[in-house]
Amino acid sequence: MRIFESLAFWRALLWLTGGAALLFLIAPILAIMPLSFNGGSFLVYPLDGVSLRWFAEFFESDRWMGALANSLIVGSATTVLATVLGIPAALGLNHAPLRFRGLLTGLLLSPMIVPVVIVAVGLYFAFAAVGLTNSYAGLILAHTALAAPFVVITVGATLQGLDRSLPRAAASLGARPAIVFFRVTLPLILPGVVSGALFAFVTSFDEVVVALLLAGPGQRTLPREMFNGIRESITPTITAAASVLIVVSTCMLIAIEALRRRGERLRARR
């Protein structure tokens, strides 16, 4: 029974459980990515040789490149808009004397909580009434509604560790509010802002449900094109597209983690 009282035992059990959970989560990724290098024309194991033919078909196809370009355009615009809206929202929730702070926070974060299909249907009926369906503007606004809460959360978390005496000191020396924000506050919360912007881009880049309802033929994003490909004809090109999505999302997450650690180091130095 002494083994159950050992700290090393519980630590090993924790690592084993965490590793099993991680393997369970990334198993689909580990299964999909090798198929994109399959030399054959079918999604089967074992692989029929190793080839880059499906990546070549992906990058040489006007259909897939158009979808990738749409995803980059919508994702970039969504990132800018969500960041511009999320920063003042986070500042207001953290600094303004609000009576219904919890209610406002819940409303701002509701797109993260409500199932995305419900949000998509609601946005479809709302945008259809004003002619925003089948347009870049409608898709960007819809993705902004889904992405802005991530900016609010990350910037708000960074503001929790902000020394408020610094902006007050700048204001007491005669700096205008805009100068205080851009010269003092923004540099201090920049890691949270960049992390939120990256989360917003990944949210838009990977989203498919809203795109299915709101995007027209000219706004087909990469996830929507993959969904249509699965429904119409499954080819290994879809796995190549999935690998591109996985690589982009992984790079973004690595950048977010690097920014988080940099922010922690900066706070520790202060």
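This passage looks at the nonpolar cores and one pocket of a predicted model. Residues are numbered from 1 along each chain as its sequence is written, and side-chain values use heavy atoms, with hydrogens and water left out. Local features need pLDDT of at least 70 and side-chain atom pairs count only at pLDDT 80 or more, while totals for chains, interfaces and linings use all residues.

The largest nonpolar core (buried Ala, Val, Leu, Ile, Met, Phe, Trp, Tyr and Cys residues joined through side-chain atoms within 4.5 Å; buried being under 20% relative accessible area with a 1.4 Å probe, protein chains only) holds 21 residues. Phe 58, Trp 64, Leu 222, Met 226 and Ala 241 touch the most other members. Two or more residues each come from helix 2 (53–60), helix 3 (62–95), helix 8 (177–206), helix 10 (222–232) and helix 11 (236–269), helices being DSSP runs of H or I, at least four residues, numbered from the N terminus. Helix 11 chips in the most, with 9 residues. A separate core of 15 residues includes Ala 147, Ala 148, Leu 186 and Ile 189.

As for Phe 58, its contacts (heavy atoms within 4.5 Å) beyond four places in sequence are Trp 64, Met 65, Leu 68, Leu 222, Thr 237, Ala 240, Ala 241 and Val 244.

Turning to the second largest pocket, 13 residues line it, with His 95, Pro 167, Arg 168, Val 180 and Thr 185 closest to its centre. A pocket here is an open set of points on a 1 Å grid over the protein atoms alone, where a 1.4 Å probe fits, with protein on both sides within 12 Å along at least five of seven lines; lining residues have an atom within 4 Å of a point. Helix 8 supplies the largest share of this lining, 4 residues.

Notes
Buried < 20%, exposed > 50% of the residue type's maximum accessible area, 1.4 Å probe, protein only.
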